[in-house]
Amino acid sequence: MTNEEIRLATAADVSAVKAVTDAAYRHYIERIGRVPLPMERDHAATVAEGRVFVTGEPVVGLVAIEVHEDHLYVDNIAVRPDAQGTGVGRRLLHFVDAHTRALGLSEIRLYTNAMMWENQKIYPKYGYEVVERRVDGPYDRVHYRKRLD
């Protein structure tokens, strides 16, 4: 696998999926006052369900998705901090677009914590629009969607 390829994660990738997710989100703990949900996911189960795609050898980025009847939901997108700014996130977002189209769907949804300002600058650059801001329990979230042509 080249560093450009994106592939379905396997059981052998679970520890890397956890490591990349933890590294990508760890710095938010102090800012939001709690552990971000992606860090608490059962990564083994998500990988076993065929919902995680990874890139890099070793893994430097990943995206976890859920397929719904009318949209694809991005549950987690994470890039190892030392790989941020190198195009990994862009490739993963373009992969999500292509995968959504291949599934015959025309909408992508995701959300980010309102305290994760960096993400709120990134998603609109890739065609995502804010749908709403909503508090879900202890989380203040900004919800996005992208409609594909």
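The lining of the largest pocket is made up of 22 nonpolar, ten polar and six charged residues. The model shown here is predicted. Let us start at this pocket and then follow its walls.

The largest pocket has a volume of about 800 Å³. Its lining counts 38 residues, and those closest to the centre are Tyr28, Ile77, Asn119, Ile122 and Tyr123. Many elements take part. Those giving two or more residues to the lining are α1 (14-25), α2 (28-32), α3 (37-40), β4, α5, β5, α6 (117-122) and β7 (139-147). Which element gives the most? It is β4, with seven residues in the lining of the largest pocket.

So much for the pocket; now for strand β4. The strand spans residues 72-79. Is β4 mostly covered or mostly open? It is mostly covered, since eight of its eight residues are buried. Here buried means under 20% relative accessible area. A general point helps when you look along any strand. In a regular strand the side chains alternate between the two faces of the sheet.

Next, look at the neighbours of β4. On one hand there is strand β3, residues 61-67. β3 and β4 run antiparallel, and seven bridges join them. One bridge pairs Val67 with Leu72 of β4. The two strands form a hairpin, with four residues between them.

On the other hand there is strand β5, residues 107-113. This pairing is parallel, and it has two bridges. Leu72 appears again here: its bridge partner in β5 is Ile108. Leu72 of β4 is thus a bridge partner of Val67 and of Ile108.

How do you get from β4 to β5? Trace the chain through helix α5, residues 88-102. Together, β4, α5 and β5 make a right-handed β-α-β unit. β4, α5 and β5 are also among the elements that line the largest pocket.

β5 leads on to another site, the second largest pocket. About 200 Å³ of space lies in it. Which elements line this pocket? β5, β6 (129-136) and β7 each supply at least two residues. The lining has 13 residues, and Arg109, Leu110, Val131, His143 and Tyr144 lie nearest the centre. By class, the lining of the second largest pocket holds five nonpolar, two polar and six charged residues.

To close, set the two linings side by side. The largest pocket has 22 nonpolar and six charged residues in its lining. The second largest pocket has five nonpolar and six charged.

Conventions
Residues are numbered from 1 along each chain as its sequence is written. This is a predicted model: local features need pLDDT of at least 70, side-chain atom pairs count only at pLDDT 80 or more; totals for chains, interfaces and linings use all residues. Side-chain values use heavy atoms; hydrogens and water are left out. Buried means under 20% relative accessible area, exposed over 50%, partly exposed in between (1.4 Å probe, protein chains only). Two strands pair if DSSP finds at least two bridges between them. A crossover is right-handed if, with the strands pointing away from the viewer, the path from the first strand over the helix to the second runs clockwise. On a 1 Å grid over the protein atoms alone, a cavity is a set of points where a 1.4 Å probe fits but cannot get out, and a pocket is an open set with protein on both sides within 12 Å along at least five of seven lines; lining residues have an atom within 4 Å of a point. Grid points are joined across faces, edges and corners, and a volume is the space filled by probe spheres set on the points. Ala, Val, Leu, Ile, Met, Phe, Trp, Tyr, Cys and Pro count as nonpolar, Asp, Glu, Lys and Arg as charged, and the others, Gly among them, as polar.
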